[in-house]
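New to this one? Let's walk through it with some questions and answers.

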Amino acid sequence: MSSTDSTLSAASPVDDTVLGNTEEVISVYDEALHLVASSVALQRAYEVAGLVDATLWHVYPELLEPASKAMAESVLANGVPRSIEIFDAPNRSRRTLLVFRAGQGVGVIETDGASVRREVASQGENERALLLHQATHDALTGLPNRRQFSEDLRNVLPAVHEKKPALMQIDLDDFKPINDTLGHGAGDAVLRMAAERIRGVLQDGEVAYRLAGDEFAIIQRDAEQPAEAERLANAVVNAFKEPFTVDGISAFVGASIGIAIAPPDGNEGEQLMKAADIALYAAKKEGRGRAKTFSRSMLIVLEQREMLRRSLRTALRENQFSIEYQPLVKPPFTIVGFEALVRWRHPLVGIIPPNVFVPMAEADGLMSEIGQWVLEQACRQATTWPSHFTVAVNLSPAQFLHDGFTDRVSQTLDMVGLRADRLELEVTESVLLEKTTNNLDTLNTLNVLGIQISLDDFGTYYSSLSYLKNFPFDTIKIDRYFIKDLENDEKSQVIVRSIIALAHGLGMAVTAEGVETRAQALWLEREGCDRLQGYFLGVPMPPNAIDAYLRQSSSMEVS
């Protein structure tokens, strides 16, 4: 097909295979249904070349009939091709219009339905349009797919018009538990409803896509950027505030969104995608369920984080890790042991807290090696303390779920010569979310070995009483969140009192974290809390400071 036969402009997103030959009557319209390209056959039939602002309704006024108009608009809304029969009154003939999604708008292929040849051609056109739709749209949600997204993003870049393109990367929060607990059928239902919620807030010039899994995107063009992009992103976030109902069960799934604007954040697809990804990462780090617009400071933070990740791989080999020990106190004031707390002293950055580097180590598969080093060092240190002192060591999920974990713990105790009952391993509820059967076997094995097991941060996150029933814990640690307001908050007092009674009723001990005042310590002592830990009783200290601390504290009492 020559350029003079032109069927569609070069900017059109429709593939040439849709056009067939030049005898076909084909037209393409944008999302506002303005004519943007047409075949020569259509131009001859309808004389649209001279029209400045022709629309679908100018070319085919028969589609203004309510039922036909509704079908045409449904193609734009959900992307599913429709065959619409119209009646040409002057010529007293019926024609069939195959309306299909083309880029961000629609395309129309016209057949007269009068001859067998045209009937066969219509079937071929129908198949071509359907194949095009299947190739460019997600079968589950009906949204344009990643292929169409990539093409549309190329078409709006570089940004040379008054309307600036905005790219929004959308990631669903807490979607994985839906698949894990309710099944993939429920997950698919939530994805379909999520697509409808996103589609429901879109306006002219805004197109949503499903990229993969629970990842969606929106391309928006508007002169008022970034204000309009932020308005739309917040509308999407708010659309996910209400629960999704699947088979009578309410499931809460949020949306985190990263926004990037062209040209300031990039004028090429890859640049804009990277900027939106970085903004999405920032949204998730700030607590999820929110939208963030890309800024250069985000890039600096990410680069620093990547620098730390690279440094983490050599930190253990270069002896950059150390352990501090925080006292565990039995009221009124009897030292019963210490908790081992790992620290990373970076040669350039300084001290990096565990909540920063532990997630990096887990993501890079390094936590098992680091955790084994901490376990061995802490057990060796404990052999220098009085024989009744215990040492508590935190376990990360990656370390706990690693194959052969219980064997390594047992071998470590034998190697350093520490009694099993002097080691207390602390696990959080997040450790127990996956592989429940394996978790139970691991905890039971540790219990048989005589090792003490503590459930850390109880009362936050996923707290489930089923854990206390099914897993063999020796101690429950009350999270500092409930301790900080203990002196004057009645709700905190009720919760802490209830946890102590519950634990004691199940034959478990209780440790309170974050004790920072004498009043908190006295209240917990009166309520029968077994152990206290916090800055009021002793700060984390290096091994060489422990002897001095023990001498100083020998005469101390909380009261």
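A residue counts as exposed when its relative accessible area is over 50%, and as buried when that value is under 20%, with partly exposed in between. Keep in mind that this is a predicted model.

Q: Is Leu-465 buried or exposed?
A: Leu-465 sits in helix α16, which covers residues 465-470. Exposed means over 50% relative accessible area. Leu-465 has 57% relative accessibility, so it counts as exposed.

Q: Which residues form a nonpolar patch on the surface with Leu-465?
A: The patch has about 270 Å² of accessible area, taking its members together. Leu-465 is one of them, and its partners are Leu-502 and Leu-506.

Q: What share of the residues of the protein chain counts as buried?
A: The chain comes to 20 helices and 21 strands, and its accessible surface is about 26,700 Å². Carbon and sulfur atoms hold 50% of that surface. Of the 559 residues, the share that counts as buried is 48%.

Q: Which residues of helix α11 are buried, and why do they lie on the same side?
A: Helix α11 runs over residues 354-363. Its buried residues cover an arc of only 165° around the axis, and therefore they sit on the same side of the helix. On the other side, Asn-355 and Ala-363 are exposed. The buried ones are Phe-357, Val-358, Met-360 and Ala-361.

Q: Which residue with a positive phi follows α11?
A: Look just past the helix for a phi near 75°. That residue is Gly-365.

Q: Is Asp-138 buried or exposed?
A: You'll find Asp-138 in the loop between α4 (116-136) and α5 (146-156). Leaving aside neighbours within four places in sequence, Asp-138 is in contact with Leu-143, Pro-144, Asn-145 and Arg-210. The cut-off for buried is under 20%. With a relative accessible area of 15%, Asp-138 is therefore buried.

Q: Which residue's side chain joins that of Thr-293 in a polar contact of 2.8 Å?
A: Thr-293 belongs to strand β12, residues 291-293. Not counting residues up to four places away in sequence, Thr-293 touches Pro-226, Glu-230, Ile-259, Ala-279 and Met-298. The side chain in that polar contact is the one of Glu-230.

Q: What is the distance between the closest N and O atoms in the salt bridge of Arg-343 and Glu-324?
A: Arg-343 is in strand β14 (residues 334-346) and Glu-324 in strand β13 (residues 321-330), so the pair ties together parts 19 residues apart in sequence. At 18% relative accessibility Arg-343 counts as buried, while Glu-324, at 24%, counts as partly exposed. The closest N and O atoms of this salt bridge are apart by 3.3 Å.

Q: Which residues does one network of salt bridges join with Glu-339?
A: Glu-339 forms a salt bridge with Lys-477, with the closest N and O atoms 3.1 Å apart. This pair links distant parts of the chain, since Glu-339 lies in strand β14 and Lys-477 in strand β19 (residues 475-478), 138 residues apart. Both Glu-339 and Lys-477 are buried. Through shared partners, the network joins Glu-339 with Glu-426, Lys-477 and Glu-513.

Q: How many salt bridges does the count come to?
A: Among them is the one where the side chains of Lys-292 and Glu-286 meet, at 3.2 Å from N to O. Lys-292 is partly exposed at 22%, and Glu-286 is partly exposed at 43%. The count of salt bridges comes to 17.

Notes. Residues numbered from 1 in each chain as written. Predicted model: local features only at pLDDT ≥ 70, side-chain atom pairs only at ≥ 80, totals over all residues. Heavy atoms only, no water. Buried < 20%, exposed > 50% of the residue type's maximum accessible area, 1.4 Å probe, protein only. Helix = DSSP H or I, 4+ residues; strand = E, 2+ residues; numbered from the N terminus. Arc of directions from axis to C-beta. Contact = heavy atoms within 4.5 Å. Polar contact = N/O pair within 3.5 Å; in protein donor to acceptor, adjacent residues only side chain to side chain. Patch = residues over 30% accessible without salt bridge, like charges linked within 9 Å, V, L, I, M, F, W, Y side chains within 5 Å. Areas by Shrake-Rupley, 256 points an atom, 1.4 Å probe, with all protein chains shown as cover. Salt bridge = Lys/Arg side-chain N within 4 Å of Asp/Glu carboxyl O.
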